[in-house]
Amino acid sequence: MAKLYFKYGTMGSGKSLDLIRTYYNYKERGLSPHCFNSGVDTRSKENYIESRTGDKLKAKIINTEDDIKQLFNRFSLENCSVILIDESQFLTAKHIDDIKDFIMEKDISVLCYGLKTNFTSKLFDGSKRLIEISDVQEEIKGICWCGKKATQNARVVRGNVVYTGEEIQIGGNESYVPLCFKHYREGKVKADIEK
């Protein structure tokens, strides 16, 4: 039976790398995975999912205004084994509902990878809906600079954690740091350096 999976973690936890690894596992077994990425994510070259390690994978784009069912039907999914979606936090709640309907109609599993919360520790709309209706949720653990599990995506401006601003600001290591909740609350992005 096909399922909807939500694989979430902080920035830098290896979500995209796990998606790429999963894609190659399916390909090695002669199966046909299809990859999608949110059009909101503009960090990588267009139509690519890219890991911080430099690994990348060609993907089809899901834009905010897209109808998921029409989009999926536009591509040949007759022999599709699985659908992999990166940056799923940027999908709308309707996208997620339509993905769930698609799974039930076509019996094809969908693995959504993304952030659970934004830099203010609030759920993204897409992530909220995934938590509500996904069949399987799996955390991909990230690490804070102190070695503890990172649970927060801290937005950093000139070395300082900020707690206000637009929800979506695309960026990588220059803009976001994974932190444990203690260091997120303290606004501490690295260990004190003794002089």
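## Two sheets and their helices

An open sheet of six strands, paired in parallel, runs in the order β5-β2-β6-β7-β1-β8. The model described here is predicted, and beside this sheet it contains an open sheet of three strands with antiparallel pairing, in the order β12-β11-β13. The points below take up the six-stranded sheet, the helices α3 and α4 that pack on it, helix α1, and then the three-stranded sheet.

**The six-stranded sheet**

- The edges of the parallel sheet are formed by β5 (60-62) and β8, and because each has a single partner strand, one side of each is left without a neighbour in the sheet.
- From one strand to the next, the twist of this sheet averages 25 degrees.
- Within the sheet, β2 and β6 run parallel and are joined by five bridges; H34, for instance, has I83 in β6 as its bridge partner.

**V136 in the edge strand β8**

- Strand β8 covers residues 136-139 and includes V136, whose contacts, leaving aside neighbours within four places in sequence, are with K3, L4, Y5 and F6.
- Although V136 and Y5 are 131 residues apart along the chain, their C-alpha atoms are separated by 4.8 Å.
- Is V136 buried, partly exposed or exposed? V136 counts as partly exposed because its relative accessible area is 25%, a value between the 20% under which a residue is buried and the 50% over which it is exposed.

**Helices α3 and α4**

- Helix α3 packs on the six-stranded sheet, where it touches β1, β5, β6 and β7, and its direction makes about 135 degrees with that of β1.
- Helix α4 also packs on this sheet, touching β1, β7 and β8, with a direction that makes about 130 degrees with that of β1.
- The two helices, α3 (residues 93-106) and α4 (residues 125-133), pack against each other at an angle of about 35 degrees with their axes 8 Å apart, and their crossing is right-handed.
- Which residues meet where α3 and α4 pack? From α3 these are A93, I96, D97 and K100, and from α4 they are G126, R129, L130 and I133; by type, the residues of this contact divide into four nonpolar, one polar and three charged.

**Helix α1**

- Helix α1 has 14 residues, spanning 15-28, and reaches 20 Å from its first C-alpha to its last, which is close to the 20 Å expected at 1.5 Å a residue.
- The buried residues of α1 are K15, S16, D18, L19, I20, T22 and Y23, and what covers them includes the strands β1 (4-8), β2 (33-38), β3 (48-50), β4 (56-58), β6 (82-86) and β7 (109-114).
- After α1 comes G30, a residue with a positive phi, near 80 degrees.

**The three-stranded sheet**

- In the antiparallel sheet, ordered β12-β11-β13, the edge strands are β12 (160-162) and β13 (176-179), each of which pairs on one side only.
- The twist of this sheet averages 50 degrees from one strand to the next.
- Strand β11 (residues 152-157) runs antiparallel to β12 and is joined to it by three bridges, and the bridge partner of V157 in β12 is N160.
- As background to both arrangements, strands of a sheet pair through backbone hydrogen bonds, either parallel or antiparallel.

Methods
Residues numbered from 1 in each chain as written. Predicted model: local features only at pLDDT ≥ 70, side-chain atom pairs only at ≥ 80, totals over all residues. Heavy atoms only, no water. Pairing = 2+ DSSP bridges. Helix = DSSP H or I, 4+ residues; strand = E, 2+ residues; numbered from the N terminus. Axes fitted to C-alpha atoms, helices over the stretch in contact; angles between N-to-C directions. Expected span 1.5 Å × (residues − 1). Buried < 20%, exposed > 50% of the residue type's maximum accessible area, 1.4 Å probe, protein only. Contact = heavy atoms within 4.5 Å. Left-handed = near helix turned anticlockwise from the far one by under 90°. Nonpolar A, V, L, I, M, F, W, Y, C, P; charged D, E, K, R; others polar.
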